[in-house]
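Please walk me through this protein as one would at the bench, beginning with how its strands are paired and ending with its overall surface and charge.

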Amino acid sequence: MELLDPTLLLKRGYSITLHNGKAIKSQEELNKGDIIVTRLANGEVESVIK
């Protein structure tokens, strides 16, 4: 189970981008003005879609 822990992916340099608490799988899920959160190993970054 430890191998499936998303924290391990973040520690390897990957990120997870969320919109309304759900992971984004396609740019088609987003619209101009949406706020997204990118989760990194050491924190989060908030962005606005232009």
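Two strands are taken to pair if DSSP finds at least two bridges between them, and with that in mind one can read the sheet of this predicted model from its individual partners. In β3, the residue that bridges to I16 is R39. That contact belongs to a set of 3 bridges that join β1 to β3, and these two strands run antiparallel.

Strand β3, which covers residues 35–40, is also joined to β4, in this case by 6 bridges and again in an antiparallel sense. Along this pairing, T38 stands opposite V45 in β4, while I36 has S47 of β4 as its bridge partner. The connection between β3 and β4 is a hairpin that passes through 2 residues. As a general matter, the strands of a sheet pair through backbone hydrogen bonds, in either a parallel or an antiparallel manner.

Taken as a whole, the sheet is open and has 4 strands in the order β2-β1-β3-β4, with antiparallel pairing. Its edges are formed by β2, at residues 22–23, and by β4, at residues 43–48, each of which pairs on one side only. Along the sequence the elements follow the pattern α-β-β-β-β, so the protein holds 1 helix together with 4 strands, each counted as a DSSP run.

Within this arrangement, which residues does H19 touch once its neighbours within four places in sequence are left aside? H19 is found in strand β1, which spans residues 16–19, and with those neighbours set aside it is in contact with I24, L30, D34, I35 and I36. H19 has a relative accessible area of 16% and therefore counts as buried, because the cut-off for that class is under 20%.

Turning from single residues to the protein as a whole, buried residues account for 14% of its 50 residues. The accessible surface comes to about 4400 Å², and carbon and sulfur atoms contribute 52% of that area. When one considers contacts between residues at least 6 apart in sequence, 12% of them join residues that are at least 24 apart. The C-alpha atoms fill a box of roughly 35 × 20 × 15 Å, taken along the principal axes. As for charge, the protein carries 7 positive and 7 negative charges, and the mean positions of the two groups are 2 Å apart.

Note on methods
Residues are numbered from 1 along each chain as its sequence is written. This is a predicted model: local features need pLDDT of at least 70, side-chain atom pairs count only at pLDDT 80 or more; totals for chains, interfaces and linings use all residues. Side-chain values use heavy atoms; hydrogens and water are left out. Buried means under 20% relative accessible area, exposed over 50%, partly exposed in between (1.4 Å probe, protein chains only). Contact means heavy atoms within 4.5 Å. Accessible areas come from the Shrake-Rupley method with a 1.4 Å probe; for residues, only the protein chains shown count as cover. Lys and Arg count as positive and Asp and Glu as negative; His and the chain ends are not counted. The place of a charge is taken as NZ of Lys, CZ of Arg, CG of Asp or CD of Glu.
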